[in-house]
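Welcome, and thanks for taking a look at this one with us. Below is a short tour, arranged by topic, to read with the structure open beside you.

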Amino acid sequence: MKNFKTTIGLEIHVQLATKSKMFCRCDNQSFAEATDDKQSVAIKPNTLVCPVCLGLPGALPVANKTAIEWTIKTGLALNCEIPATAKFDRKHYFYPDLPKGYQISQYDEPFASRGWLKLKVKSEKSTVEDEVTIRLNRIHLEEDAGKLIHKNGTSLVDLNRAGTPLMEIVTEPDITSPAMAGDFLRKLQKIVRDVVEVSEASMEKGHLRCDANISVRKLQVPSTQYRGETEIGSELGTRNSEPIKMSQIIEIKNLNSFRFIEKALTKAEEKLKSEYPAWPAKLTKETWGYNSNNDSIYLQRAKEEAADYRYFPEPDLPPVKSAEFDLDKLKELTKENMEVKVAKLQEMEVPNQYIAAIVSNRGDFELFDKLVSEAGIEYAPEVARLLVQKSFGKTTDFSDREISELAKLVVTDTSKKNLLSAIKFILSGKSFDDAMSEINQNQTGEDEILKIVEKVLIDNPAEFARYKVGEKKLFGFFVGAAIRESKGSADPQLVNRILKEKL
Ligand SMILES: [Zn+2]
């Protein structure tokens, strides 16, 4: 089906990793989780709470200055305008995980607005990458709600997350394909995680959540009367006196991986196109969910009425003036972060071709830093090369003990191979200890083969002497003898390699 134009807009929630919550001094769970050892138990429900985040009468909120600063910093990194004044508003709705009966959010005066992010996209017509600009409508700051836990027919509420600072980034509908939506989100994740460093931004852990709106328009075949393409449903379309018509909007909520977002949007796009020309006369919006088990979307809520949240200014919090923050310094910091890291790697004589890859990912940079401080600075170029080769990405989860074990692998003889396999095992989902024992087993295998090879050479002195004076075809004889000696259990490739080394 040709001549359709897809329009996608995204709303992205980013959980800020501040030490305390948005309007009280309770520990911010996102921060607590991020620093916790992965083996540790989950934090007990309703232990990170106080009268403010429980919404008890008379409790007064105090805004977290760091959270505001980080939102402004993100706005600057995303080329936003920072208005002179911003304010908080109450957004009213009823839900059991929202104890106050309203959420403190921002309505008409957010901390940042009118930004943009450039994106490289593969051109359909050529191999050259095109650059597109995705405009950002706004970035505002709000508090998160708690969590409902549905168990054995009852529902329980955990308010540990209530009051966690959430930054909401809203794009203009400038995204034109599901793949572009995925690319945008990956780039945005890198910026909040690695450049401004305000969030762990893990989708699996819910630090980065995304709602997507998609609609489709039918494009007319360009006629000789008009230059370029004319869209039905746009201002241009009305010039042709065509009825204004576009598909309804499908909203997809709570997607927790980049892949699922792309898949869900692809399904929604297919559905909307297949319904043409029976599109509804009136523009409506439906909310659909995505089932990853069978890669399908399903209707959650049809024809949603626009909710009336009865916004009004939060009377307990004064407006925030941007003059209270050093905007120039915040802008500099964003750049500096990268520059400091680059300088550090250059000083360690890491080849230039690896530097960009390592500094652009906080997980890689941290792992690099830890491995080098364990293994020694002289191994910096080698560690960098290994890291870039594997482009680990999500490797921030290693504990100190694991890092030092990995570092040992860098400085031993069979280092490269072992380090790479260790990381490969771990990334494939095995635990660190399983991965290490697998490597050690392989290592024992190698030691045993070495012994067998040595025995074969000692047992066959005549053949060894003939090989040494040039009878190279005897190599096969030694391989056969070694495999027989191991009763067939030795890996022929490994025997080959070790024999070559020995001979
Ligand atoms: Zn609290």
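Let's begin in the sheets: L136 has T171 of β9 as its bridge partner. That pair belongs to β6 and β9 (residues 165-171), two antiparallel strands joined by 7 bridges. Please keep in mind throughout that this is a predicted model.

**Strands around β6**
- β6 covers residues 129-143, and 10 bridges tie this strand to β5 (residues 112-122) in an antiparallel arrangement.
- To find the β5 pairing on screen, look for L119, which sits opposite V132 of β6.
- On the β9 side, the pair to look for is L136 and T171.

**A three-stranded open sheet**
- Elsewhere you will find an open sheet of 3 strands, ordered β4-β3-β15 and paired antiparallel.
- The edges are taken by β4 (102-105) and β15 (312-313); each has a single partner strand, so one side of each lacks a neighbour in the sheet.
- β3 (residues 89-92) meets β4 through 4 bridges in the antiparallel sense.
- Within this sheet, H92 lies opposite Y102 of β4.

**Nonpolar cores**
- The largest nonpolar core counts 67 residues, and V14, A181, A212, I252 and L265 are the ones with the most contacts inside it.
- V14 makes a good starting point: beyond its neighbours within four places in sequence, its contacts are L166, M167, I169, V192, S199, A201, H207 and L208.
- There is also a second, separate core of 17 residues, with L371, V372, A384 and L387 among them.

**Helix α8**
- α8 takes in residues 362-375, 14 in number; at 1.5 Å a residue the expected span is 20 Å, and the end C-alpha atoms are 20 Å apart, so the two agree.
- Which residues of α8 are buried? They are D364, L367, F368, K370, L371, V372 and A375.
- Two of these buried residues, L371 and V372, are also members of the second core.
- Just after α8 comes G376, with a positive phi near 110°.

**How far to trust the model**
- The chain has a mean pLDDT of 82, and 82% of its residues reach 70 or more.
- Over residues 222-244 the pLDDT is below 50, although the model gives this stretch 26 contacts beyond near neighbours in sequence.
- Residues 34-40 also stay under 50 in pLDDT, and the model has 4 contacts for them beyond four places in sequence.
- Where pLDDT is low, predicted coordinates should not be read in detail.

Conventions. Residues numbered from 1 in each chain as written. Predicted model: local features only at pLDDT ≥ 70, side-chain atom pairs only at ≥ 80, totals over all residues. pLDDT = per-residue confidence, 0-100. Contact = placed C-beta atoms within 7 Å. Pairing = 2+ DSSP bridges. Expected span 1.5 Å × (residues − 1). Buried ≥ 20, exposed ≤ 12 C-beta atoms within 10 Å, placed from the backbone. Core = buried A, V, L, I, M, F, W, Y, C linked by C-beta atoms within 7 Å.
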